[in-house]
Amino acid sequence: MQPEVESLRSSSMGNPGMHREAGALLVDPEIPEQIQTRSLIRPTKSSKQHLRQVIAEYEALDRELPCIRKFPMPPAAQPLSLCMETTPEADFTHLEVLQALEAELPGAMESGRVSSIRFENMNVICGTAGRRDRWLITVTDFQTRSRLLRSGLSPRGLAHQLVRHDELLLSDYRLHLRRSLARQRMLEALGAEPTEEE
């Protein structure tokens, strides 16, 4: 072995800014020391355990929440929007929901106190089955909102509570963030580049 290579090796043992190339230790001035250090680190038992733990957490979350609503951005506040959740088997029509509204608020649509009634099929939105459908009722003032929150609606004589739509959306959004964070942690643990979730 050549003396200069031997002396370089002995004087630089343990220096994280150097790497082995063609039997000698060399320093690459173009690559920051942190990156060179990272390339020398081999996965340890603890990092493998961490990876297993992160993947197990993601899989458990995936079983718990197989299909959730995804959000490209945080939902906008809709303080005058109320929601009635129903089972898919109930299969109410817009007319039945309107009649239930009229029973609580005579002339609700004509007076302008209710501006819209909209149906959301959550199973289609989330690509799953077994989720409750949502009827979204938008009112024009807080007094009407408070009255409907207290009374609820009874389409076909079946009592249903109304809740603020913002509360449900916020709950959906938190689940979305929880799932996204778990996915991001798993990708980071695997060393993959984060991508947009489909």
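Which strands and which helix do the buried residues of helix 4 pack against?

## Helix 4 and its packing

In this predicted model, the buried residues of helix 4 pack against strand 3, strand 4, strand 5 and helix 6, the last of these spanning residues 142–151. The residues concerned are Glu96, Val97, Ala100 and Leu101. They cover an arc of only 140 degrees around the axis, and therefore lie on the same side of helix 4.

## The four-stranded sheet

The strands that helix 4 meets belong to an open sheet of four strands, arranged in the order 4-5-3-6 with antiparallel pairing. Strand 4 and strand 6 each have a single partner strand and stand at the edges, so one side of each is left without a neighbour in the sheet. Helix 4 packs on this sheet by touching strand 3, strand 4 and strand 5, and its direction makes about 140 degrees with that of strand 4.

Strand 3 is paired with strand 5 in the antiparallel sense over six bridges; among the residues involved, serine 81 has threonine 138 of strand 5 as its bridge partner, while glutamate 85 is matched with arginine 134, also in strand 5. Strand 3 is also joined to strand 6, residues 163–164, by two bridges, and these two strands run antiparallel. Here the bridge partner of leucine 82 is arginine 164 of strand 6. Five of the six residues of strand 3 are buried, so strand 3 is largely enclosed by the rest of the structure.

## The largest nonpolar core

The largest nonpolar core has 17 residues, of which Val97, Val114, Ile137, Leu148 and Leu153 touch the most other members. At least two residues of this core come from each of strand 3 (81–86), helix 4 (94–104), strand 4 (114–120) and strand 5 (133–139). Val97, one of the buried residues of helix 4, is thus also listed among the core members with the most partners.

The surroundings of isoleucine 137 can be given in detail. When residues up to four places away in sequence are not counted, isoleucine 137 touches Leu80, Ser81, Leu82, Val97, Leu101, Val114, Ser116, Leu153 and Leu162. Two of these contacts, Val97 and Leu101, are buried residues of helix 4.

## Helix 7

Helix 7 comprises 26 residues, 165–190, and reaches 38 Å from its first C-alpha to its last, close to the 38 Å expected at 1.5 Å a residue. Its buried residues are His165, Asp166, Leu168, Leu169, Asp172, Tyr173, His176, Arg179, Ala182, Arg183, Met186 and Leu187, a list that includes charged as well as nonpolar side chains.

Two residues of helix 7 illustrate different degrees of burial. Histidine 176, which is placed in helix 7, counts as buried because its relative accessibility is 11%, below the 20% cut-off. Leaving aside neighbours within four places in sequence, histidine 176 is in contact with Ile68, Arg69, Lys70 and Phe71. Arginine 185, also in helix 7, counts as partly exposed because its relative accessibility is 34%, a value between the 20% and 50% limits. With neighbours within four places in sequence again left aside, arginine 185 is in contact with His50, Val54 and Glu57. The C-alpha atoms of arginine 185 and isoleucine 55 are separated by 8.7 Å, although the two residues are 130 places apart along the chain.

Methods. Residues numbered from 1 in each chain as written. Predicted model: local features only at pLDDT ≥ 70, side-chain atom pairs only at ≥ 80, totals over all residues. Heavy atoms only, no water. Expected span 1.5 Å × (residues − 1). Buried < 20%, exposed > 50% of the residue type's maximum accessible area, 1.4 Å probe, protein only. Core = buried A, V, L, I, M, F, W, Y, C linked by side-chain atoms within 4.5 Å. Contact = heavy atoms within 4.5 Å. Pairing = 2+ DSSP bridges. Arc of directions from axis to C-beta. Axes fitted to C-alpha atoms, helices over the stretch in contact; angles between N-to-C directions.
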